[in-house]
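Biologist: I'd love a close look at one small corner of this protein, with everything explained as we go. Could you walk me through the charged side chains there?

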Amino acid sequence: AMNKKLWLTIPVLLGAVYAGSASAELLIGAKAGAVDYDIGGSDPGVNGSFRLGFEVFDLVAADIAVEAEVSTSLTDGEIGGADASLDTTGVYASLITAGPVYFIGRVGYVDAEVDIGGTTFDDSGTSMGAGIGISTAGLRWEIEYTTFEVENVDINYITLGLSF
C-alpha cells in the first residue's frame, strides 16, 4: 500500500508544482473496459479507472503529460474456473498529439494485484499503451489499449474513457 501511495503521490506533486509555475493543463478522467488475462480458458472481467494528470510540456505537434491512474474490478473475470479481480496503480508519461482527433502513446510503471479465487498475486513493472481520442466542447473521448505483466502473464486492458 505504501509503494502504491508513493508512485501515485510523486507525479501529482511534481505536476502541482509545475502547474503552479506555468500554464500546465490539468487532466481528470474516468474510463472502463475489458481486462483480458492471457491464459487459455480465461474470461475477461471489467475494470474502471480514474486518471489525474498534468500536461507539462506543450510542443508544436504534441503535449507531454504526467499521469497517475488507479483501477479496480467492476466485474470479475474468470481464470481456471475461479473468479479473478484486478487492482492497479500506475504512473505514466504520455504523448498526446495536437488536434481534435489525436493519438495517445504512454509508457509507465504499474503496481498490479490479481486475486484468483482468494489467492493474491502482486507484481510491478513497466506498462505501455496507445489510443485515439476525439476532443469536442472541452471533453475528450478516448479508446485506449494498455498492457502489462503480472507473474509472467500478460494483461491487456481495453477501455473507453472520458476526460476533461
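Is Glu144 buried or exposed?

Modeller: Happy to! One note before we start: this is a predicted model, where local features need pLDDT of at least 70 and side-chain atom pairs count only at pLDDT 80 or more, while totals for chains, interfaces and linings use all residues. Residues are numbered from 1 along each chain as its sequence is written, and side-chain values use heavy atoms, leaving out hydrogens and water.

Now to your residue. Glu144 is buried, because its relative accessible area is 3% (buried is under 20%, exposed over 50%, partly exposed in between, with a 1.4 Å probe and protein chains only).

Who keeps Glu144 company? One partner is Lys31: the two form a salt bridge, with their closest N and O atoms 3.3 Å apart (a side-chain nitrogen of Lys or Arg within 4 Å of a carboxyl oxygen of Asp or Glu). Glu144 belongs to strand S8 and Lys31 to strand S1, so this pair ties together parts that are 113 residues apart in sequence (strands are DSSP runs of E, at least two residues, numbered from the N terminus). Lys31 is buried too, as its relative accessible area is 10%. Side chains of opposite charge can pair when their charged atoms come close.

Another partner of Glu144 is Arg106, and their side chains meet in a salt bridge at 3.5 Å, N to O. Here as well, distant parts of the chain are linked: Glu144 sits in strand S8 and Arg106 in strand S6, 38 residues apart. With a relative accessible area of 4%, Arg106 counts as buried. Arg106 also has a place above a ring, lying over the face of Tyr92 at 3.8 Å from the ring centre (NZ of Lys or CZ of Arg within 6 Å of the centre and within 35 degrees of the ring normal).

Let's step back to see the wider group. Glu144 is part of a network of salt bridges that links Lys31, Arg51, Glu67, Glu69, Arg106, Glu142 and Glu144. Take Glu67 from this network: it lies in strand S3, which covers residues 62-75. Glu67 is buried, because its relative accessibility is 2%. The side chain of Glu67 has a polar contact of 3.4 Å with the side chain of Arg51 and another of 3.2 Å with that of Ser94 (N or O atoms within 3.5 Å, one able to donate a hydrogen and the other to accept it; residues adjacent in sequence count only through side-chain atoms).

For a last stop, look at Arg140, another residue of strand S8. Arg140 forms a salt bridge with Glu25, and the closest N and O atoms are 3.3 Å apart. Since Glu25 lies in strand S1 (residues 25-37) and Arg140 in strand S8, the pair ties together parts that are 115 residues apart in sequence. The two ends have their own surroundings: Glu25 is partly exposed at 36% relative accessibility, whereas Arg140 is buried at 11%. Arg140 lies over the face of a ring as well, that of Tyr102, at 5.8 Å from the ring centre.

For the whole picture, the structure holds 9 salt bridges, and among them are the two that Glu144 makes with Lys31 and Arg106.

Definitions and conventions: Helix = DSSP H or I, 4+ residues; strand = E, 2+ residues; numbered from the N terminus.
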